[in-house]
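Me: Please take a close look at one single part of this structure. Then explain, for someone new to it, how that part fits with the rest.

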Amino acid sequence: MMRAVGLRAGGVLLLAAIWWAVAAARVWPEVFVPSPGAVWRQLWLTSSAHDGQRGYSGYLLYEHLLVSLRRIGLGSLYGVAGGIAVGLLIGLVPTVRALLGPLVTFVRTLPPLAYFSLLIIWFGIDELPKIWLLLIAAMPPVAVATAEAVRGVHEDYLHAARSLGAKRWQLPYRIVLPSALPEVITGVRVAVGVAYTTVVAAETVNGVPGIGGMIRDAQRYNQTDVVVLGLLVIGASGLLIDTLLQLLERTLVPWRGRA
């Protein structure tokens, strides 16, 4: 474990050194490649009140982050719940698979900005279209992973459960879903990652407070250091969430990867 932590820390330090060297060499103007010092300064400025200003656009950095995490959390939660339900139906019922399978694939291939404008027309510019966008983006990966995992459940498990007295309606949640759980959790990790990549698109309209909204607003004024800061915050928080999901996976499916 210590070796893995050391390697990861070394990788981060190497990337930071390369970034500092490129910025110091002035290969590109600072508006294109801000220095680590400029990004650090924005971290301090956006995290405190100074000169009559409070953070960025009146909100501190952690407030932007918490709002974005709330949106990502709600969208991912609804998307995961819907994806598991749809995936179970697709995997267990051939008729539903024929009806919903192409629809799930169709939605999965759509870029978020393609239907975000439609969601704004339907739900306005407040929180609802953002949550719906993240929900729609997060649901297909979970549905596909769940459906494939359900179809891969060995029939011997089902026959053994029936021979032991299990009812037919008990099989999906007593046998099928636990057997498919490793692949389902992988789909959940992918879905949360998709939600993270979609949050900037979700916050293009009325997205302040929010990390994505902060990035979009800073981009309009060529504040590259704020943009880079926002990207680093999204990446770091996403890495933390993915680590927590991996810990959850080890807790729920400790047998995965073992013979």
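Reply: Helices and strands are runs assigned by DSSP and numbered from the N terminus; a helix is a run of H or I with at least four residues, and a strand is a run of E with at least two. The model is predicted, so local features are given only at pLDDT of at least 70 and side-chain atom pairs only at pLDDT 80 or more, whereas totals for chains, interfaces and linings use all residues. Residues are numbered from 1 along each chain as its sequence is written, and side-chain values use heavy atoms, with hydrogens and water left out.

The part chosen is the loop between H8 and H9, where Asn206 has its place. Asn206 has a positive phi of about 55° although it is not a glycine. Pro209 is found in the loop between H8 and H9 as well, and the peptide bond that leads to Pro209 from Val208 is cis, with omega near 5°. Both features call for notice because most residues other than glycine have a negative phi, and most peptide bonds are trans. In terms of accessibility, buried means under 20% relative accessible area, exposed means over 50%, and partly exposed lies in between, with a 1.4 Å probe and protein chains only. At 42%, Asn206 counts as partly exposed.

The loop also meets a residue from another helix. His64, which lies in helix H3, is buried, with a relative accessible area of 0%. A contact is a pair of residues with heavy atoms within 4.5 Å. Leaving aside neighbours within four places in sequence, the partners of His64 are Tyr56, Tyr59, Val208, Pro209, Gly210, Ile211 and Met214. Both residues of the cis peptide bond, Val208 and Pro209, are thus among the contacts of His64.

Ile211 leads on to the interior. A nonpolar core is a set of buried Ala, Val, Leu, Ile, Met, Phe, Trp, Tyr and Cys residues joined through side-chain atoms within 4.5 Å. The largest such core has 40 residues, and within it Val188 and Ile211 touch the most other members. At least two residues of this core come from each of H3, helix H5 (112-123), H6, helix H8 (171-202), H9 and helix H10 (224-252). H8 gives the most, with 10 residues. Apart from this core lies another, of six residues, including Val86, Ile90, Ala143 and Ala147. Val188 itself touches Val80, Val142 and Leu245, not counting residues up to four places away in sequence.

Charged pairs add a further layer. A salt bridge is a side-chain nitrogen of Lys or Arg within 4 Å of a carboxyl oxygen of Asp or Glu, and the whole structure holds eight of them. One joins the side chains of Arg220 and Asp217, at 3.7 Å from N to O. Arg220 and Asp217 are three residues apart in helix H9 (residues 211-220), and so are separated by about one helical turn. Asp217 is buried, at a relative accessible area of 16%. Elsewhere, salt bridges that share partners join Arg70, Arg71, Glu127 and Glu203 into one network. In it, the side chains of Arg71 and Glu127 meet at 2.7 Å, N to O. Because Arg71 lies in helix H3 (residues 61-92) and Glu127 in helix H6 (residues 127-151), this pair ties together parts that are 56 residues apart in sequence. Arg71 is buried at 3% relative accessibility, while Glu127 is partly exposed at 28%.

Another loop also holds a positive phi. Arg26, in the loop between helix H1 (2-25) and H2, has a phi of about 60° although it is not a glycine. Arg26 is exposed, with a relative accessible area of 58%, and its side chain forms a salt bridge with that of Glu30 (3.6 Å, N to O). Glu30 counts as partly exposed, at 37%.

The overall setting is as follows. The protein has 10 helices and two strands, in the order α-α-β-β-α-α-α-α-α-α-α-α along the sequence. Its C-alpha trace spans about 75 × 50 × 30 Å along the principal axes. Of the 259 residues, 38% count as buried. Among contacts between residues at least 6 apart in sequence, 67% join residues at least 24 apart.
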